[in-house]
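Grab a pencil and work through these exercises with the sequence and the 3D view side by side. Each task is followed by a solution in steps.

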Amino acid sequence: PATCSTCHGRVSLTSPGHVCDGVRHCTDLADETPGACGCPDNSWRCDQLSGNSSAIEMGECIEMSSLCDGVHDCSNGQDEDPAQCLALSPLESVHQNALS
């Protein structure tokens, strides 16, 4: 059950419509995490604070293994965004040509 000891708990109790609305209400984004939005463990939420949170895209979750796999699993294609995939890549898998 939600408690007031955490930001997510306070938001859940006092303004439930603010949880998973695509707007940060907690400084640590606790109100917008996949878990707070009802996604299963080991999943990723397609509409995470993208600024494009239409009713069709809200609540869309995919398995982490589908993230950056070359296949658009999110309706908005956000799971294959090159900048996001680069940011989520392990350092050893990122290759960059030296500038000359």
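**Exercise 1. Find the handedness of the link between Cys68 and Cys85, then place both ends.**

Step 1. Look at the angle about the S-S bond: it is -95°, and the link of Cys68 and Cys85 is left-handed.

Step 2. Place the ends: Cys68 sits in the loop between β2 and α2, Cys85 sits in helix α2, and this pair links distant parts of the chain, 17 residues apart. (Helices, H or I with at least four residues, and strands, E with at least two, are DSSP runs numbered from the N terminus.)

Step 3. Check the sulfurs: those of Cys68 and Cys85 are 2.1 Å apart, and the two form a disulfide, meaning a pair of cysteine sulfur atoms within 2.5 Å.

Step 4. Check the surface. With a relative accessible area of 30%, Cys68 is partly exposed, while Cys85, at 13%, is buried. (Buried means under 20% relative accessible area, exposed over 50%, partly exposed in between, with a 1.4 Å probe and protein chains only.)

A note before you go on: this is a predicted model, where local features need pLDDT of at least 70 and side-chain atom pairs count only at pLDDT 80 or more, while totals for chains, interfaces and linings use all residues. Residues are numbered from 1 along each chain as its sequence is written, and side-chain values use heavy atoms, with hydrogens and water left out.

**Exercise 2. Work out how many disulfides the structure holds, and how they pair up.**

Step 1. Count them: there are five disulfides.

Step 2. Number the bonded cysteines of the chain in sequence order, and the pairing reads 1-3, 2-4, 5-7, 6-9, 8-10.

Step 3. Take Cys46 and Cys74, joined by a disulfide with an S to S distance of 2.0 Å. Their link is left-handed, with -75° about the S-S bond. Cys46 lies in the loop between β1 and β2 (61-63) and Cys74 in the loop between β2 and α2 (82-88), so this pair ties together parts that are 28 residues apart in sequence. Both Cys46 and Cys74 are buried.

Step 4. Now take Cys20 and Cys37, another disulfide, at 1.8 Å from S to S. Here the angle about the S-S bond is -115°, and the link of Cys20 and Cys37 is left-handed. Cys20 and Cys37 are both buried.

**Exercise 3. Which residues make up the largest nonpolar core, and what does Cys37 touch?**

Step 1. List the core: its seven residues are Cys7, Val11, Val19, Cys20, Cys26, Ala30 and Cys37. (A nonpolar core is a set of buried Ala, Val, Leu, Ile, Met, Phe, Trp, Tyr and Cys residues joined through side-chain atoms within 4.5 Å.)

Step 2. Add the other one: a second, separate core of five residues includes Trp44, Ile62, Leu67 and Cys74.

Step 3. Leaving aside residues up to four places away in sequence, Cys37 touches Cys20, Asp31, Glu32 and Arg45. (Contact means heavy atoms within 4.5 Å.)

**Exercise 4. Find which side chains meet in a salt bridge, and say whether Glu32 is buried or exposed.**

Step 1. Search the whole structure: one salt bridge turns up. (That is a side-chain nitrogen of Lys or Arg within 4 Å of a carboxyl oxygen of Asp or Glu.)

Step 2. Name the partners: the side chains of Glu32 and Arg45 meet at 3.2 Å, N to O. Glu32 lies in the loop between α1 and β1 and Arg45 in strand β1, so the pair ties together parts 13 residues apart in sequence.

Step 3. Check burial: Glu32 is buried, with a relative accessible area of 4%, and Arg45 is buried too, at 0%.
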